[in-house]
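Work through these exercises with the model open. Each task is followed by its solution.

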Amino acid sequence: MLRWEELVLLPDERLGALDIAEVNLACAAGLPGAEKIDVGLCLHQLDYWSREVRQYTEARLPKFRHKRSDYNNSEAYFRVLAMVTLLQRDLGVRYNPAKIPADAAFDLEDTFIHGIIQGQGGTCASMPVVYAAVGRRLGYPLKLVSTLAIGGGHLFARWDSPGERFNVEATGQGLSCLPDDSYRTGFYAAAAEIEDRCGLLKSMTPREELAGFLKERGLRWRDVGNHRQAAESFVWAYALTPHEGMHACFGRTMNEWNAHLEKIEPPGYPAVYFHWPPARRLPPVVPEKMERDILYLEATEDLLKDPERDRDWWGPMRRGARPHTQPIRVDVYFTPQGRAFKVQRAENR
């Protein structure tokens, strides 16, 4: 199985040669509930759906050729319509009805494509990925496109070839091909500068698709309060596509993580000094401050949540007691193997 930690290091050309479905599921691995995902089953089902769509489409091509005007005089449009029709009508691809209300909370099955195949259905986060996965198996130039929506974001697909380009909106019943300007008003309204700074309404590259899946991974980690894993997902999403939207997700998570750690710091917590590593672990496109902020919070979390230190120091200090020996300074050293702590202590009398 693919691993997202390896995918982030690949160039666009190699990423683009991979199955978008496998990339999507790789970004779900390790999340709470991911142990239920049957990757082999999902990929087998997509292969089966693709064969069914191919046969269905080829059998109906004479109908298109007889009256092209019924299909916008476009074979590409006809092929996408046939694909969406069969997937929705006969093969069970649908929006999860429990997630239609605007205030419905999304979980793992609503975010990644296995929910469509193994669960109760998908959402706008996963259905366009299934359409792209099936379409690409058939040689269709389908891309993913993101935009804003009230309460969050929205994903759709796009047929994007040198000779033809149209949007594929098929999370509801049937197929709609809305122009780009429809995503700039009303429910999807976004200011022009936001559209530019967040990379909205543009066909995604393979790296941008991976970044979007990592963003969803980060959101799921944040939902369960694992800020450390969420920050890792968001910073790598930013490394792949360094725009304002990814930076905002990272910044919010870091603020929440820092606030959580401040709450569990005991009175009298020692001064901590960081000795930064000479080599970076993140690509140069990521500002060094972002990397150091992560290192700082990781080390702080390790200090505060270490069971022995909590037993001997932090726990008694929170209760107002004076431990026999109390740390007064901690030096944090970063090595290729991880991090080391040197604690200077004073004896209480």
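**Exercise 1. Find the hubs of the largest nonpolar core.**

Step 1. The largest nonpolar core has 98 residues. Such a core is a set of buried Ala, Val, Leu, Ile, Met, Phe, Trp, Tyr and Cys residues joined through side-chain atoms within 4.5 Å. Buried means under 20% relative accessible area, with a 1.4 Å probe and protein chains only.

Step 2. Leu46, Trp49, Leu87, Val134, Leu210 and Leu214 touch the most other members.

Step 3. Take Leu210, ignoring neighbours within four places in sequence: its contacts (heavy atoms within 4.5 Å) are Leu7, Val8, Leu15, Val23, Cys27 and Leu240.

Step 4. A second core stands separate, with nine residues, including Phe156, Tyr183, Tyr188 and Leu200.

The model is predicted: local features need pLDDT of at least 70, side-chain atom pairs count only at pLDDT 80 or more, and totals for chains, interfaces and linings use all residues. Residues are numbered from 1 along each chain as its sequence is written, and side-chain values use heavy atoms, without hydrogens and water.

**Exercise 2. Trace the pairing around β5.**

Step 1. Strands are DSSP E runs of at least two residues, numbered from the N terminus. They pair if DSSP finds at least two bridges between them.

Step 2. β5 (residues 325-335) pairs with β4 (residues 271-275) in the parallel sense, over five bridges. Val272 stands opposite Val330.

Step 3. β5 also runs antiparallel to β6 (residues 338-347), joined by 10 bridges. Here Val330 stands opposite Val343. A two-residue hairpin connects β5 and β6.

**Exercise 3. Locate the β2–β3 hairpin.**

Step 1. β2 (residues 152-161) and β3 (residues 164-168) run antiparallel, with five bridges.

Step 2. Two residues lie between them in the hairpin. Arg158 stands opposite Asn167 in β3.

Note on methods
Helices (H or I, at least four residues) and strands (E, at least two) are DSSP runs, numbered from the N terminus. Buried means under 20% relative accessible area, exposed over 50%, partly exposed in between (1.4 Å probe, protein chains only).
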